[in-house]
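User: I've got a model open and want to check a few labels against their cut-offs. Can you take me through the reasoning?

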Amino acid sequence: MIPSDLEIAQAAELLPITEIAKKMGLEEDEIELYGKYKAKIDFERVLERLKDRPNAKYIDVTAITPTPLGEGKTVTSIGMTEALAKIGKKVCLTLREPSLGPVFGIKGGAAGGGYSQVVPMEDLNLHFTGDIHAVGAANNLLAAMIDTSILLGNPLNIDPLTISWRRVVDISDRALRDIVIGLGGRENGYPRQTGYDITVASEVMAILALATSLKDLRQRLGRIVVAYTYDGKPVTAEDLKAAGAMTVLLK
């Protein structure tokens, strides 16, 4: 009988992430540990150390429709990486972090399948290093500051009918797609229609992926347009003085 994905993942003998980092050629001060089997890489530090080294070859796996068994981009990417390593190539695989929406939906996890999967599978599919939660917190902080600014005299002259910034949650909760907030009296703000998106589809997530440094991240967040004034002028996260706090949450 063929074991399930979970049984295969739980039977795997994991190497400490420090040992894997050493095999990749990373130095001790270039990784930030999240327990024994997970770590983040100090991207800027690595790029600075390797700036004189020629670029490696890059393979992009995209736009694959999965088979009925779920063999799509992730499984193909992992299998190809394992195959390249098997023939002696020095190879590194980069995957996106799964969203909890699909993980707890019909699709299921996004760490691969069978013997082409990433471990620890449960950690990757759930909270991992907490980045998605940080994105959600930064996004919703900005949303809260918009409504607070309007409640406290609306100094930026925001037209509530033009607010495009929505809140996010990392669960597929269709009841929150279109909602009315601010009910229950003045202390809860002014009622208006808005809604929730899934966290990984937020502009903050896109900015985090594109930012090249902490300074660049701060500048990009500040340029987010969230609404317009009654005069038709754009209102940004910088205008709301939210960009600095959002950067701290994403750091």
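Analyst: Sure. Bear in mind that this is a predicted model. One cut-off to start with: buried means under 20% relative accessible area, exposed means over 50%, and partly exposed is in between.

User: Then why is F128 called partly exposed?

Analyst: F128 has a relative accessible area of 32%. Partly exposed runs between the 20% and 50% limits, so F128 gets that label. You'll find F128 in the loop between α6 and α7.

User: And what makes A63 count as exposed?

Analyst: Its relative accessibility is 69%. Exposed starts over 50%, so A63 qualifies. A63 sits in the loop between α3 (43–49) and α4 (73–86).

User: What is notable about the phi of A63?

Analyst: Phi is near 60 degrees there, a positive value in a residue other than glycine. F128 also has a positive phi, near 50 degrees. Most residues other than glycine have a negative phi.

User: How do you know that the bond joining V119 and P120 is cis?

Analyst: Omega is about 0 degrees, and the peptide bond is cis. P120 belongs to the loop between β4 (116–117) and α6 (121–125).

User: What makes a residue such as L142 a member of the largest nonpolar core?

Analyst: Members must be buried nonpolar residues joined through side-chain atoms within 4.5 Å. The largest core has 26 residues, and L142, V204, L221, I224, V226 and M246 touch the most other members. Among the elements giving two or more residues are α8 (203–210) and β9 (225–228), while α7 gives the most, with eight.

User: Which residues does V226 touch?

Analyst: Leaving out residues up to four places away in sequence, V226 touches L142, I146, T162, I163, S164, W165, V235 and L240.

Key:
Residues numbered from 1 in each chain as written. Predicted model: local features only at pLDDT ≥ 70, side-chain atom pairs only at ≥ 80, totals over all residues. Heavy atoms only, no water. Buried < 20%, exposed > 50% of the residue type's maximum accessible area, 1.4 Å probe, protein only. Helix = DSSP H or I, 4+ residues; strand = E, 2+ residues; numbered from the N terminus. Contact = heavy atoms within 4.5 Å.
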